[in-house]
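Morning, everyone. Please have the model open on your screens. I'll go through some spots along the chain and then the overall picture.

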Amino acid sequence: MKPSLPLPPQVAWATGALANGPRTRKTTCLHQLAGVFADTLAFRQCDPELCVYDVEMFDSPAADGALFVGVTHLYPGKVGNEYFMTRGHFHQRREQGEVYFGLRGSGVLLLQNEQGEARLEPVTPGSVHIIPGFTAHRLINTGPETLSALAVWPSSAGHDYAALSSGFALRITDENEVPHG
């Protein structure tokens, strides 16, 4: 008789749902994104408890050399004419990179180096994004459905949100239903 092996952690590629392993889930609501959106009047008029995105990740040891694996589910919506987005960050250990895999929905990945030079990459199902070290990154949902992206990053990378207190160099808005930077 063949021994039964435990199932390894899994991701449902079509939805981004994680299974078979201990997981952590964090929800970010609009009130937690004060200062992220440009239109402060529109921001104040929105429901502060509105869920903008969820991040679900497998629990992993934080030892140097270990990797975290997680999925961001960024919901469709806008504040004023600016699309819903994640807070965005540099890594505390700036040299640490990250990889994103588009799972569902459509949007853009905003990348910005420490000199403030920014660029965009389209995120769609099957897209792969290599985020180099020393690069801040933010997901933006420009589509009508949830944008889900799988991420893999070093557990020792950390997050530095304070370095972007003045924001990113580009803002993605909806003008005539076409995303503009």
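Start at Pro9, in the segment before strand E1 (10-11). This is a predicted model, so keep that in mind throughout. What does Pro9 touch, beyond residues up to four places away in sequence? Three residues: Ala19, Asn20 and Phe58. Take Ala19. It sits ten residues from Pro9 along the chain, and the two C-alpha atoms are separated by 5.9 Å.

Now Asn20, one of those contacts of Pro9. Find it in the loop between strand E2 (18-19) and strand E3 (23-29). Look at the backbone. Phi of Asn20 is near 65°, so we have a positive value in a residue that is not glycine. Is Asn20 buried, exposed or partly exposed? Its relative accessibility is 30%, and therefore it counts as partly exposed.

There is another residue to set beside it. Phe134 is no glycine either, and its phi is positive, about 65°. It lies in the loop between strand E11 (128-131) and strand E12 (135-141). Phe134 has 42% relative accessibility, so it counts as partly exposed.

Next, Phe168. Go to the loop between E13 and strand E14 (173-175). Phe168 is buried, because its relative accessible area is 7% and the cut-off for buried is under 20%. Which residues are in contact with Phe168, leaving aside neighbours within four places in sequence? Arg87, Gly88 and His89 are among them. So are Leu110 and Gln112. Ala136, His137 and Arg138 complete the list. Ser106 is 62 residues from Phe168 along the chain, and their C-alpha atoms are 20 Å apart.

On to the interior. The largest nonpolar core has 34 residues. Which of them touch the most other members? Phe37, Val52, Leu74, Val79, Leu109, Leu139 and Ile140. Several elements feed this core. Helix H1 (40-45) supplies at least two residues, and so does each of strand E4 (51-58), strand E5 (67-74), strand E9 (107-113), E12 and strand E13 (147-154). There is also a second, separate core, with six residues. Leu18, Phe58, Val71 and Leu150 are included in it. You met Phe58 earlier, as a contact of Pro9.

Stay with Phe37 for a moment. Not counting residues up to four places away in sequence, Phe37 touches Leu30, Phe43, Val79 and Glu82. It also touches Tyr83, Phe84, Met85 and Arg171.

Now zoom out. The chain's secondary structure comes to one helix and 15 strands. Among contacts with a separation of 6 or more, 69% join residues 24 or more positions apart. Of the 181 residues, 45% are buried.

How does the overall size look? The C-alpha trace spans about 65 × 35 × 30 Å along its principal axes. The radius of gyration is 17 Å, and a compact globule of 181 residues would have one near 16 Å, so the chain agrees with that.

Last, the surface and the charges. The accessible surface comes to about 9,400 Å², and carbon and sulfur atoms hold 57% of it. The chain carries 13 positive and 18 negative charges. How far apart are their mean positions? The answer is 4 Å.

That's my tour. Over to you.

Key. Residues numbered from 1 in each chain as written. Predicted model: local features only at pLDDT ≥ 70, side-chain atom pairs only at ≥ 80, totals over all residues. Heavy atoms only, no water. Helix = DSSP H or I, 4+ residues; strand = E, 2+ residues; numbered from the N terminus. Buried < 20%, exposed > 50% of the residue type's maximum accessible area, 1.4 Å probe, protein only. Rg over C-alpha atoms; globule rule 2.2 N^0.38 Å. Contact = heavy atoms within 4.5 Å. Areas by Shrake-Rupley, 256 points an atom, 1.4 Å probe, with all protein chains shown as cover. Lys, Arg positive; Asp, Glu negative; His and termini not counted. Charge placed at Lys NZ, Arg CZ, Asp CG, Glu CD. Core = buried A, V, L, I, M, F, W, Y, C linked by side-chain atoms within 4.5 Å.
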